[in-house]
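Work through the charged pairs of this model. Each exercise is followed by its solution.

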Amino acid sequence: MPTLAVHLLGPVDVRVSDVTITLDRPLERALVARLSLARGAAVSDERLARDLWGDVDLARPRERLRVLASRLRANLGDAASALSRTAAGYVLDASPSDVVAAEAALSDGSREAISQALALWRGDSLADLRAVPFGFAEGERLDGLRVDLRVAYLSALLDGGAGIELRAELEELVGSHPMHERLSCMLALCLYRGGRQADALAALSRLRERLSDELGVDPAPETVSMELQILRQEAPGSAPKRRLPAAGTTFLGRDADRAAVVERLSVTRLVTLTGVAGSGKTRLALEVARVVERPVVWLDLTAVRAEDEILPALVAEAGDDYLAELEGAVLVVDNAEHVLSAASSMVSELLSHTGKLSVLATSQRPLLVEGEEVRHVGALPASAASLLFCDRSGAEPSADVDAICAAVDHLPLGVELAAGLTRTLSVSQLARRLDDRLRLLVGGLRGSRQRHSSLRAALDWSHELLDEVQQAVLRRTGVFLGGWTLEAAEEVLAFDGLDVADIAATLTELADRNLISVSAGPRFRMLETVRHYALDKLRDAGEDELVRARHIEWCSGFVAGRDVREDAAAVMGELYLEWPNLLSAMESAAGTERAGDGLRLAVAMQDAWMVRGLVVQAARIYEDLIDAEVPDDVRALALCNYGFFCTQIGRLTLATSLLDRAAPLVEDDLVTIRVFYYRAITEIQRGYPAQAISWAERGHAVAERIEHVTYVSALGCVLAIAQMYAGDLDASLRNHLAANAIDRSLGDEHGLARGLVNESMTLLSGGDTEGALARADEAEALSDRLGDAIGATHVGMIRARAALLAGRLDEAVDRLRTVLDDAEAGADTGLLRVDLAYALVRRGDLAEAAAELALAAAVSDEQDLTWLAVQPVTAMLAAEEGDLARAGEIAAAARAQFAARGFGWPFTVDRLDAAGGR
């Protein structure tokens, strides 16, 4: 079973088998966070509702939580089963792993454990949930744990002899916690060891005054003792000698990393900082060198081009008697990757001939020297990257700043380069231009070394160190979006001199060089900045079209080999992982020779789009590809499918036109059935149930003739829906029962989920609320399992209508608003708004009702199903406002339309009768 990991020490981070899951809605993130804090224990509905929404009056919090939980399960994909419900409440099979690790480190007390725990924070705890009722207090509690860890860590460093290098961090902590006596004593000791006795005494004097003025107490004996020791000058310190390059700017975002490296250098003789170009390895090493309490020698290998140039470079920095000079010091070997073998040999020799030398190296690859400790330097936390951008540019924090930092993968070099562009572009202008991020960030930083002069230069440096095979694999993997497997890479990349046998080893090499990363699966990934660079190299090599053609071929084979209806949940989990690749393949095919392949892939994606309910996305893809050159049978299917999705998003005229275009191309019974099926759905949405019944019956007859049971079920279901809108509830229920029986026998979970929803609607239309809700419960369980967001919306609509029928108006209004907030495009939002308006009219909220009716009417500019449903409620509203003449006119016109179209849906007819006084 896929593992679910939740991280709370920063913005909420949710991962399934180490793949980040994006939860766009704050309440979904809040639900994950709150349940994970329970650490496997059930949380009651009442407690959850209070923690998520506060002490507001919520009608039926259980149902609101059910919608929220359903949405969350849909986004968790393969790990949906981690969220379950018991009699005691909701349970999440996941604990906040970063919080658990931090608490364990504080109990452990070792510097190494505490250092690792501090690195877990990615900004303020629950930073994105501070507005949620439980989020502020819980975030403050978790950040209090961070303070405790920092105090313990800094205390250990001071016990180990550290001094003035801790000043900035201690001053920050004392500023935030001015009455924390231990912190003030630690700051005083730090200042004292740096030769600042007066400042140390002043820090303790300020503490004494605060304690007296605000709490009316004297300092603790330990504080008094520290003050006396400083007065007697019992522990003087001295600064080590260093020869370092100038930093030029303030250091931001990696304080915990700096402290961790300083600590490791006290116990490990060789630490190597690795990471992709632009990740800030050199700057981190420089900041470590500035604060470490030992002499430092800086050896920059950037200009070294041959192995025999390394020793002269060392002599130039450390002198002829370099072994004596280095004894007890820290040697920083910066930028070793291009002379890796020689640099490794030199470091090994130096360590073997000295007893107390420590080496801090920066390289895109490890040195592979015995005893080496490798520390990966990755991107900055999002909050730190934004802080860095604002510091360098003078801008205020904003969504545009966050977008700019994300566009450069939060890499420090990219962030600094982007900030430099604000001299000529506003932040909003820059945010709009970052699609071509590498070309935009080519200007460079003033005073930087050549390899840091631009993001492209930094990546060029890494690229030049690769051999031809490695360069080919790197540039060709740029076509993958969202990651890839080894099998996908072997199929797409291996051609023109690159053998399948080369792929695995080369990907491993690129991962060692930090140009790609590896996650569970295994699955390979690439930072977006590196991917854009790879795509530029792909175009330069003239391979772009060929590799993209192989990519879309692989995508097509991947989809063709998976039948959504055999095991919907498992297959959708596999497709979900590759969704970015599938979309990218189709989107990039538009307007190229690959457009036909893109359209074929879109046709193959039909069931997957329907299961996930992504009708807007599907319609957009079809719109771009529909005119591609393909055989008539493929075009017919594409036109049918595009027409269906247009029906779902309210573009009914276009849907009818597309289906009319498909009809003459059809030479196959299955496609004929599909045309009839989609025409029936279109006529339902247009508000012509009699015509829909005709189309559905024609399709149903063909399906029965060729004995295609899946289509017999599908046409039976749509026939039943049309009969419901026509008012023939007995026939509707018979056809629903028959269709759902077929879906059960076939194990078609998606078809059954939608069928149960539709059966529930018919039962509800006939007043059988109990039966309708029972079907809705079963449909919800299936929709949750499949991640069917539209199905979840329809279930919410049924429960709201049940409340309406029972006269529970407040509950109905609350439910309908919740469902509308969470509704996916393609759900019946127009009908939902009509129901909400009806409830508001009955409750006397006429202004709100009028607003909802206007929104419902705006869903489509045609006189369609929603328009028909709007008329009775509009008449009711006019009557309630006292305009009986207008109410009568609207009701009479609507009644004529109902008769002309054969429209007799009880929900709407009953409202019309009420509005017309009958």
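**Exercise 1.** Find the polar contact of Glu287 and place this residue in the fold.

*Solution.* The side chains of Glu287 and Arg283 are joined by a polar contact of 3.0 Å. The term covers N or O atom pairs within 3.5 Å; within protein, one atom must be able to donate a hydrogen and the other to accept it, and residues adjacent in sequence count only if both atoms are side-chain atoms. Glu287 sits in helix H12 (residues 281-291). Helices are DSSP runs of H or I, at least four residues, numbered from the N terminus. Glu287 has a relative accessible area of 2%, so it is buried (under 20%; exposed is over 50%, partly exposed in between; 1.4 Å probe, protein chains only).

The model is predicted: local features need pLDDT of at least 70, side-chain atom pairs pLDDT 80 or more, while totals for chains, interfaces and linings use all residues. Numbering runs from 1 along each chain as its sequence is written, and side-chain values use heavy atoms, without hydrogens and water.

**Exercise 2.** How many salt bridges does the whole structure hold?

*Solution.* Apply the criterion: a side-chain nitrogen of Lys or Arg within 4 Å of a carboxyl oxygen of Asp or Glu. The search finds 57.

**Exercise 3.** Which parts of the chain does the salt bridge of Glu759 and Arg775 link?

*Solution.* Start with the distance: the closest N and O atoms are 2.7 Å apart. Next, locate the partners: Glu759 lies in helix H37 (residues 749-765) and Arg775 in helix H38 (residues 769-786), 16 residues apart. Finally, check exposure. Glu759 is buried at 2%; Arg775 is partly exposed at 27%.

Notes
Helix = DSSP H or I, 4+ residues; strand = E, 2+ residues; numbered from the N terminus.
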